[in-house]
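I have a new structure open and want to get my bearings. These are my notes, in the order I looked things up.

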Amino acid sequence: MATKRCFQTLARQSSIFSPNPSLQYLHRTLKPHLQTLTLTLASTSQTPKDDHIWHSLILSPNTHFAFARSFSSNRGNDTASDEDDGVGDSEDEDGEISDGEEVLTANRREYSVEEKETEAAAIGYKVIGQLERAERVFKDYEPVFAVIQIGSHQFKVSNGDCVYTERLKFCEVNDKLILNRVLMLGSKTQTMIGRPILPEAAVHAVVEEHALDAKVIIFKKKRRKNYRRTKGHRQELTKLRITDIQGIEKPDKTAPAKPEKSPPGKTEKASVKK
Amino acid sequence: MESHLPAFKESNPQLEVVTEEIRGQHPHLKGLYRNRNERVVCVKNMTPEDVLECAAKLRNSLGRKVLKLKTRHVTKHPSVQGTWTTELNL
């Protein structure tokens, strides 16, 4: 078994090196692999230089067998270790998302590559924009709404609304987000329905806070069985404020003070009549 | 003893971070918010990393009272195209 393996390796090594080398050249190049050298010489060529071949052959058996033993044992170790590593790697790959992450502890992961962050953000249907620095982003109310999906939850959202979602990773307080998963847009005159999403629609939002919800006590009891469990749970939430909806024509605001005065006057008269 | 304090101070230039030594009391973090709300968190027997996490949580949150949410969507203008009624004819 071991001898067969060794012969195979010898054949490979001999083929790797030049096919018709001189003996001396072989000897120089294959100095560390004395055993291999000698055996190939013995098998392939029948040269007049038999003396040193025999010498080397005499030397070879001990070294050869030692080499064989060490080779086999190392091989066994290598294969075992390779198998373990392979299994471990596959498990890790299945558990983790992809290669760029390092698992420090069960809770904390360092996302080393920024691309991974953006990919994960795409899963949660948001794109991180820029931080806000003394910009006036909050506009007045516009009569436009959008149906947005974040994670698995959908909201009908308008300008200036607050939305509480599950904790969004990769964004800090005062971050601008662009929610690209928009299912429907609507205004006073127009409605756009996406199948399933509208490709050229974008909703801008700002992260207001990351906070914990109120504590919910989960109490389990089985009567007459002496079983009672109490567990407290606080869900981590993110509060988003919607600032802008893009992708639909917004009706221009033409509302000076004068026309606003007349309708209230009319309603007052109507109420007096009734 | 928070060894991460300088880094925390640098990452939050808008905050005033004050350290005081209090004798005879448990160590705690006090957060003063703009709506004059105070949140006190006891950090007794916590590692520096945990203390940093607590401080980050205080920084991330507004000072609002922690209540159960009635709705996840808070809006002042619930209807754009008019509220639906049974008499609505499209």
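I started with the area that chain B and chain A bury between them: about 2,300 Å². Carbon and sulfur atoms account for 49% of that buried area. Note to self: this is a predicted model, so everything here is computed from it.

Next I asked how many residues of each chain are in contact across this interface. I found 23 residues of chain B in contact with 32 residues of chain A.

Then I went through the polar side of the pairing. Between chain B and chain A I get 12 residue pairs in polar contact, both partners at pLDDT 80 or more. Two elements of chain B, α2 (48-60) and β3 (73-74), each supply at least two residues of the side that touches chain A. Which element gives the most to that side? I have α2(B) down for that, with 5 residues. I also sorted the side of chain B that touches chain A by class, and wrote down 7 nonpolar, 8 polar and 8 charged residues.

With charged residues on my mind, I looked for salt bridges. The count between chain B and chain A is 3. I looked up one of them, where the side chains of E172(A) and R59(B) meet at 3.9 Å, N to O. A salt bridge here has to come within 4 Å, so this pair makes the cut.

After that I stepped back to chain B as a whole. What does its secondary structure come to? I count 2 helices and 3 strands, and along the sequence they follow the pattern α-β-β-α-β. Chain B has 90 residues, and 18% of them count as buried. The area that chain B exposes is about 7,700 Å², with 53% of it supplied by carbon and sulfur atoms. I also checked contacts in chain B between residues at least 6 apart in sequence, and 43% of these join residues at least 24 apart.

My last stop was in chain A, at E142(A). Where does E142(A) sit? I found it in the loop between β3 (127-131) and β4 (144-150) of chain A. Leaving aside neighbours within four places in sequence, I have E142(A) in contact with S158(A), N159(A) and K250(A). I also looked at E142(A) and D244(A), which are 102 residues apart along the chain. Their C-alpha atoms are separated by 9.1 Å.

Terms used. Residues numbered from 1 in each chain as written. Chains lettered and ligands numbered in written order. Predicted model: local features only at pLDDT ≥ 70, side-chain atom pairs only at ≥ 80, totals over all residues. Heavy atoms only, no water. Helix = DSSP H or I, 4+ residues; strand = E, 2+ residues; numbered from the N terminus. Buried < 20%, exposed > 50% of the residue type's maximum accessible area, 1.4 Å probe, protein only. Contact = heavy atoms within 4.5 Å. Areas by Shrake-Rupley, 256 points an atom, 1.4 Å probe, with all protein chains shown as cover. Buried area = accessible area lost by both parts, 1.4 Å probe. Polar contact = N/O pair within 3.5 Å; in protein donor to acceptor, adjacent residues only side chain to side chain. Nonpolar A, V, L, I, M, F, W, Y, C, P; charged D, E, K, R; others polar.
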